Amino acid sequence: MNVELQHIYKSFGAVQANVDVSLSVQAGTIHGLLGENGAGKSTLVKILSGFITRDKGAILLDGAPADVRTPANGIRAGVGMLHQDPLDFPPLTVLDNFTAGRAGGLFLRRGAAARDFRALAEPFNFALDIDEQVGNLTMGERQQLEILRLLSLGVRTLILDEPTTGISASQKTALFSALKTLAGQGKSIIFVSHKLEDVEELCDQVTVMRAGQVVGSAAIPCPTQQLVSMMFGRELAAPVKPPTCQDDVALCVENLVVGDDRIDVRVDELTVKRGEVIGLAGLEGSGQRLLLLTCAGILRPAGGRLAVRTAGGNLQDMTGRPYHDYQKAGVGYLPADRLREGLIWGLSIQEHVVLRAPANGLFVNRAASRAVADQSIQKFNIRGKADTRVGQLSGGNQQRTQLALLPSPLQLVLMEHPTRGLDIESTMWVWRQLIERCKGGTSIIFASSDLDEIVQYSDRVIVFSGGRVSAPIETAALTANKLGEMIGGKLGDRAAAAVAAN
Amino acid sequence: MDLNQLVVILATAIATATPLVFAGIGETITERAGVINLSADGTILMAAMTGFAAALATNNVLVGFIAAAIVGAAFASIVAFGAITLKQSQVAIGFVLALLGADLSSFLGNPIVLVPGPTVPAWNIPLLQDIPVLGRLFFQSDPLVYASYVLIIVVWIFFYRTRPGLLLRSVGEQPAAAFARGSNVVRLRYLYTLLGGALMGIAGAAFSLDFKAGWSNRSTAGYGWIALAIVIFGGWNPLRVAIGAYFFGILQSLASVAQSNIQNVPTQVFSVAPFVLMILVLVLTSGEWLDNLLARLPVGVRRPILRALRQPAPAALGKIFEQD
């Protein structure tokens with residue numbers, strides 16, 4: 001189906017999300033909609049699907065004006081959307097999710113629905129158990145379910161909003177091949193993403209948005225730098241990490257054993273120098289988080305010792321001390337789940353500043369905390385005001401806020417997925433800040449599922465695989481290939497010996 | 001205790017539980033759509049009073065039930081308007097209505113206190129009534145009791161076997177997802193809040209025109225709150241909500257037997273006991289100790305038991321749906 005959006009306007013209060021946006025997508029093509037976080041891409045496709053009502057503008061489907069004002073209109077007109085956070089019902093089964101919202105008689109007739117489902121899923125090789133609860137599926141499987149459901153409704157234009165966030169590499173391959181098949185059948189696909197490489201790999205055409213407006217479009221292939229400069233208005237260069245390692249030891253771990261109800265990990269020996277960056281690689285849930293939480297003082301190790309360099313300059317044994325002591329010693333922790341563990345949804349940036357400040361009498365010094373908050377906002381380039389609630393900030397700005405709230409001076413920062421969900425510019429900005437900290441002597445230990453990020457910024461890497469932990473490896477001796485092998489389980493002799501000793 | 005006595009206790013329990021079945025299932029429907037109607041206690045009192053007055057004036061029980069259902073739906077519409085349209089706190093609105101309904105019913109119902117009036121006639125089912133024990137328990141009741149059995153089954157089928165039932169559950173679980181599937185969330189929530197309110201109104205009339213036969217001030221006070229507790233106890237499943245209601249009925253029935261047999265205990269103890277026991281059961285079935293106990297069982301046995309006992313509330317229960 002040919003889709004045309006003409007002069008779309010949409011504002012939320014004072015924020016103009018879409019300003020005079022026009023877009024045209026041909027039947028049988030995959031059209032990329034590229035832009036950084038907050039560029040207005042999601043708003044635009046939600047308008048097309050009817051999830052949001054436009055303020056002004058026209059939607060033309062196959063040349064005829066379509067009055068799409070609710071999702072019901074959209075589906076009837078043949079437009080279906082896969083939302084970024086899957087809009088499904090986690091406690092219900094796959095089959096009930098598939099059926100909810102489909103037309104039909106009064107009774108559910110699960111047998112017939114199951115047959116329809118299997119017939120649709122088969123050509124795509126989507127292997128989904130129809131009786132499984134959707135809450136137990138992976139993100140990729142939930143996407144597959146949604147795609148099948150939308151196809152069963154007869155959509156001829158399929159919108160996907162950031163579908164490659166949070167799915168595995170093999171699921172991504174399956175998704176891309178399914179999308180190419182659908183385009184081959186004459187359906188139009190709109191692929192919303194902030195990831196350049198995904199758009200370059202999949203799309204035929206790309207439209208770039210910035211700050212609520214279309215800034216250009218191009219046919220793929222197209223030089224990457226041209227797309228980057230369209231996205232950001234200028235060319236971007238990734239920060240290069242200079243050697244920042246100093247001679248003093250910042251953290252010393254010996255024979256550490258720590259576990260939860262699922263997995264136990266053992267770190268025989270780890271000495272982190274001041275200014276050093278240690279990357280933790282491995283599949284998620286292989287124990288990286290346990291090590292981070294232990295070094296942060298949040299989790300008590302079952303055995304072993306842990307010493308941190310204090311502001312005075314000597315190593316102090318911190319084993320078994322409370323979290324508060326770690327904070328005083330200059331250890332900071334940035335969790336991956338920013339809104340659940342790192343920040344408090346309903347409090348403003350200023351209130352976070354107050355919470356972090358040392359307890360100082362009963363009353364809050366509003367003027368002083370306001371000044372500190374304003375300073376942080378300016379220094380960390382946060383797009384928000386002192387009284388903005390952090391829940392309303394975008395992901396990148398939440399991460400900037402977390403960084404702004406870290407104490408100073410800082411001996412050691414522990415981070416989980418420091419740039420997950422951030423666009424390229426925010427990612428680079430975050431690492432530029434972190435590298436500055438390293439130059440000042442702060443050590444960093446971070447876990448990431450992005451191998452390129454690990455190889456690019458770490459001095460040494462520790463690989464976690466199925467409860468086993470490798471010895472730290474110099475990054476210079478490492479390639480992404482080798483790293484992949486190790487994550488798969490080939491950790492080398494030392495780790496195997498450690499397992500045998502257990 | 002001989003068999004005859006046991007049958008009397010159980011028959012009384014079923015009669016006691018019938019209004020609670022209506023109220024509990026009404027509230028279940030409303031909460032499954034994501035709205036908490038906390039006004040149950042006030043709604044039941046107002047509906048009991050109005051239903052009795054209407055039946056008294058027309059000398060027609062059916063008119064009484066219709067009036068009660070309308071009052072129930074009217075109270076629910078206030079909750080719906082405040083919660084869905086004005087997007088205010090459902091808990092606050094419901095609570096205020098619960099208090100208001102209690103006092104308003106006493107004020108307006110003053111002239112008909114203890115006035116004799118019509119009641120639902122008994123209706124024994126031919127042949128079936130002669131079955132030993134079962135006939136006495138299930139087939140020598142009145143149309144209202146039979147209707148409550150039908151209600152339980154019909155609502156269960158509606159929830160789990162029909163397309164609109166699936167949409168109802170989805171609206172309370174993830175309204176945004178239901179909206180994305182083309183449902184009109186606002187309209188559905190209004191519909192099921194009013195429907196639930198009407199059933200709660202029928203529960204009120206079931207007290208004043210059947211089970212308690214007549215009106216006196218605050219005669220049903222407390223049952224609305226019990227109905228709300230039974231919905232949680234029943235895990236938002238109509239069958240189990242009904243079981244909860246019958247369980248409470250048995251407790252009440254036992255208490256009245258105990259009251260006539262044990263002399264030295266104040267009567268208040270027996271009238272309060274079922275409520276206390278109900279809370280105790282709620283605590284016991286949701287406590288952590290049960291997890292520890294169940295942890296000793298093999299997985300195959302444990303999971304169905306846990307799934308039966310731990311029904312999570314509808315995820316969007318009491319939350320406001322913002323649609324742009």
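Here are some notes on the two chains, one sheet, and the contacts between chains and domains.

1. A caveat before anything else: this is a predicted model. Please read every point below with that in mind.

2. Chain A is a mix of both kinds of secondary structure, with 18 helices and 21 strands. Its C-alpha trace covers about 75 × 60 × 45 Å along the principal axes. The radius of gyration of chain A is 25 Å, which agrees with the value near 23 Å for a compact globule of 502 residues.

3. How much of chain A is buried? The figure is 45% of its 502 residues. If you look at contacts in chain A with a separation of 6 or more, 68% of them link residues 24 or more positions apart.

4. Chain B has 14 helices and two strands. Its radius of gyration is 20 Å, close to the 20 Å from the globule rule for 324 residues, so chain B is as compact as a globular protein of that length. The C-alpha trace of chain B spans about 60 × 55 × 45 Å along its principal axes.

5. On burial, 44% of the 324 residues of chain B count as buried. Among the contacts in chain B with a separation of 6 or more, 78% are between residues 24 or more positions apart.

6. Back in chain A, have a look at the open sheet of four strands, which are ordered 2-1-4-5 and pair antiparallel. Which strands stand at its edges? They are strand 2 (15–25) and strand 5 (64–65) of chain A; each has a single partner strand, so one side of each has no neighbour in the sheet.

7. Within that sheet, strand 1 (residues 3–12) of chain A runs antiparallel to strand 2 of chain A, and seven bridges join the two. For a concrete pair to click on, take Ile8(A), whose bridge partner in strand 2 of chain A is Val21(A). Helix 1 (residues 41–49) of chain A packs on this sheet, where it touches strand 1, strand 2 and strand 4 (56–61) of chain A. The direction of helix 1 makes about 115° with that of strand 1 of chain A.

8. Now for the place where the chains meet. Chain A puts 19 residues into the contact and chain B puts in 17. On the chain B side, helix 7 (163–173) and helix 8 (175–180) each supply at least two residues. Which element of chain B gives the largest share of that side? Helix 7 of chain B does, with five residues. Sorted by class, the side of chain B that touches chain A holds seven nonpolar, five polar and five charged residues.

9. The domain assignment splits chain A into domain 1 (3–232), domain 2 (249–330 + 408–501) and domain 3 (343–406). Note that domain 2 of chain A is written as two segments, 249–330 and 408–501.

10. How far apart are the centres of domain 2 and domain 3 of chain A? Taken over C-alpha atoms, the separation is 27 Å. Their contact draws nine residues from domain 2 of chain A and five residues from domain 3 of chain A. On the domain 2 side, helix 15 (residues 424–439) of chain A gives the most, with three residues. That side of domain 2 of chain A is made up of four nonpolar, four polar and one charged residue.

Key. Residues numbered from 1 in each chain as written. Chains lettered and ligands numbered in written order. Predicted model: local features only at pLDDT ≥ 70, side-chain atom pairs only at ≥ 80, totals over all residues. Rg over C-alpha atoms; globule rule 2.2 N^0.38 Å. Buried ≥ 20, exposed ≤ 12 C-beta atoms within 10 Å, placed from the backbone. Contact = placed C-beta atoms within 7 Å. Pairing = 2+ DSSP bridges. Axes fitted to C-alpha atoms, helices over the stretch in contact; angles between N-to-C directions. Nonpolar A, V, L, I, M, F, W, Y, C, P; charged D, E, K, R; others polar. Domains from an automatic or database assignment.
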